[in-house]
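Here are my notes for you, point by point. Have the model open while you read, and click on each residue as it comes up.

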Amino acid sequence: MSRALASSRRAGTGVQAGSRAVTHTLTALALLFVGLLVVVPLGIVLVTALSKGITVYLEALTHPDAVSAMLLTLTTAIVTLPINVAFGLAAAWLLSKYRFPGRTLLVTLIDLPFSVSPVVAGLILILVYGKNSWFGGLLDSFGIRVIFAWPGIVLATCFVTFPIVAREVLGLMEAQGSHEEESALLLGARGWQVFYRVTLPKVRWGLLYGVVLSNARAMGEFGAVSVVSGHIRGETNTLPLHVEVLYDEYQFVGAFAAASVLTLLGLVTLVVKKLLERQRHRVSTRWQDTAPAAQANEVIA
């Protein structure tokens, strides 16, 4: 009996040692992979940007073209985000609360920017809003310029980012169901009251999460914006396009200085995303802890 017990203990120890070895190996491979693909390139960007000193770095960032690119990028994100939020909430509300013919087609159309190349999206906008197109020519006759101007950049950014908020909120609304909204309607609440006081508070963390991701994509978008912008310095060059122009002209310090701004924005986005995930987890854990007690009180009452 004692020999069998000792043998089983040795076998268990061997299994644990083997599992530890596998865990350590996989962890090392993951860290190596992340280091080579993420940490090292980010380090190279910052080192190259500061290779000629902080003065040259600041001069590159305060150049009029760089300032114009940063302002255009920021303005585009500010205009795009409210559009994405309004569309995302409306689409998620419609798809999660109602069943109607064509619902599957609408979901497919919302996911379309995820499967279409951003360059193709830019070409589509040129075909629709270009000066040689029927609609673009009509707008041009009224003095409204879309392609190779700021409105085209906003349209291209909206096209590639609008599914993000909708997808984040839609999954959350479907998981939560519509029982609370139906109860509010039965108690006499109006549609907007149900939305603002019941639905919106339930999806606020998912909405903020989608806003953060949408903002990151809007600031870093290159393909679609590159097609419709025209690369006009000081007018239609966003920050990613400004990086490309400087790099093609072998102005490496200026290019990497602008790239470092995008890198820092990406890191800030990751930090905000992590904080939102942590807060969302705390809220869900607190709700799970208090829900049984509330249900018990309801049963007792």
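1. Let's settle one word before anything else: a residue is called buried when its relative accessible area is under 20%, exposed when that value is over 50%, and partly exposed in between. With that in hand, 34% of the 301 residues of the chain count as buried. Keep in mind that you're looking at a predicted model.

2. What kinds of elements does the chain have? It has 13 helices and zero strands. Reading from the N terminus, you simply meet one α element after another: α-α-α-α-α-α-α-α-α-α-α-α-α. As for how the chain folds back on itself, take the contacts between residues at least 6 apart in sequence: 72% of these join residues at least 24 apart.

3. Now the outside. The chain exposes about 18400 Å², and carbon and sulfur atoms supply 68% of that. There is also a nonpolar patch on the surface, whose members include Val 22, Leu 26, Leu 29, Phe 33, Val 40 and Ile 44. Together, the residues of the patch have about 1100 Å² of accessible area. Leu 26 is a good one to click on: it sits in helix 1, which covers residues 2-49. Is Leu 26 buried or exposed? Its relative accessibility is 53%, so Leu 26 counts as exposed.

4. Next, the inside. The largest nonpolar core has 16 residues, and Ile 110 and Val 169 are the ones with the most contacts inside it. Which elements give two or more residues to this core? They are helix 3, helix 4 (103-115) and helix 7 (150-176). Helix 7 gives the most, with seven residues. Try picking out Val 169 and looking around: leaving out residues up to four places away in sequence, Val 169 touches Leu 89, Ala 92, Val 203, Gly 206 and Leu 207. There's a second, separate core too, with 15 residues, among them Leu 61, Leu 246, Ala 257 and Ala 259.

5. Ser 96 deserves a visit. This serine lies in helix 3, residues 64-97, and is buried because its relative accessible area is 12%. What does the side chain of Ser 96 reach? It reaches the backbone oxygen of Ala 92, at 2.6 Å. Ser 96 and Gly 171 are 75 residues apart in sequence, yet their C-alpha atoms are 8.3 Å apart in space. Setting aside neighbours within four places in sequence, Ser 96 is in contact with Leu 170, Met 173 and Glu 174.

6. Two threonines are worth a look as well. Thr 199 is in helix 9, residues 191-202, and with a relative accessible area of 1% it counts as buried. Not counting residues up to four places away in sequence, Thr 199 touches Trp 93, Met 173, Glu 181 and Val 194. Thr 269 lies in helix 13. At 12% relative accessibility, Thr 269 is counted as buried. With residues up to four places away in sequence left out again, Thr 269 touches Val 212 and Ala 216.

7. Don't skip the loops. Where is His 231? It is in the loop between helix 11 (223-229) and helix 12 (239-248). His 231 has phi near 55 degrees, a positive value in a residue other than glycine. Its relative accessible area is 31%, so His 231 is partly exposed. Tyr 250 also has a positive phi without being a glycine, at about 60 degrees. You'll find Tyr 250 in the loop between helix 12 and helix 13 (252-300), and with a relative accessible area of 65% this tyrosine is exposed.

8. Last stop: Asn 237, in the loop between helix 11 and helix 12. Is Asn 237 buried or exposed? Its relative accessible area is 4%, so Asn 237 is buried. Which residues is Asn 237 in contact with, leaving aside neighbours within four places in sequence? They are Ala 69, Leu 72, His 231, Ile 232 and Val 245. Asn 237 and Ile 153 are 84 residues apart in sequence and 9.4 Å apart in space, C-alpha to C-alpha.

Technical notes:
Residues numbered from 1 in each chain as written. Predicted model: local features only at pLDDT ≥ 70, side-chain atom pairs only at ≥ 80, totals over all residues. Heavy atoms only, no water. Helix = DSSP H or I, 4+ residues; strand = E, 2+ residues; numbered from the N terminus. Buried < 20%, exposed > 50% of the residue type's maximum accessible area, 1.4 Å probe, protein only. Contact = heavy atoms within 4.5 Å. Areas by Shrake-Rupley, 256 points an atom, 1.4 Å probe, with all protein chains shown as cover. Patch = residues over 30% accessible without salt bridge, like charges linked within 9 Å, V, L, I, M, F, W, Y side chains within 5 Å. Salt bridge = Lys/Arg side-chain N within 4 Å of Asp/Glu carboxyl O. Polar contact = N/O pair within 3.5 Å; in protein donor to acceptor, adjacent residues only side chain to side chain. Core = buried A, V, L, I, M, F, W, Y, C linked by side-chain atoms within 4.5 Å.
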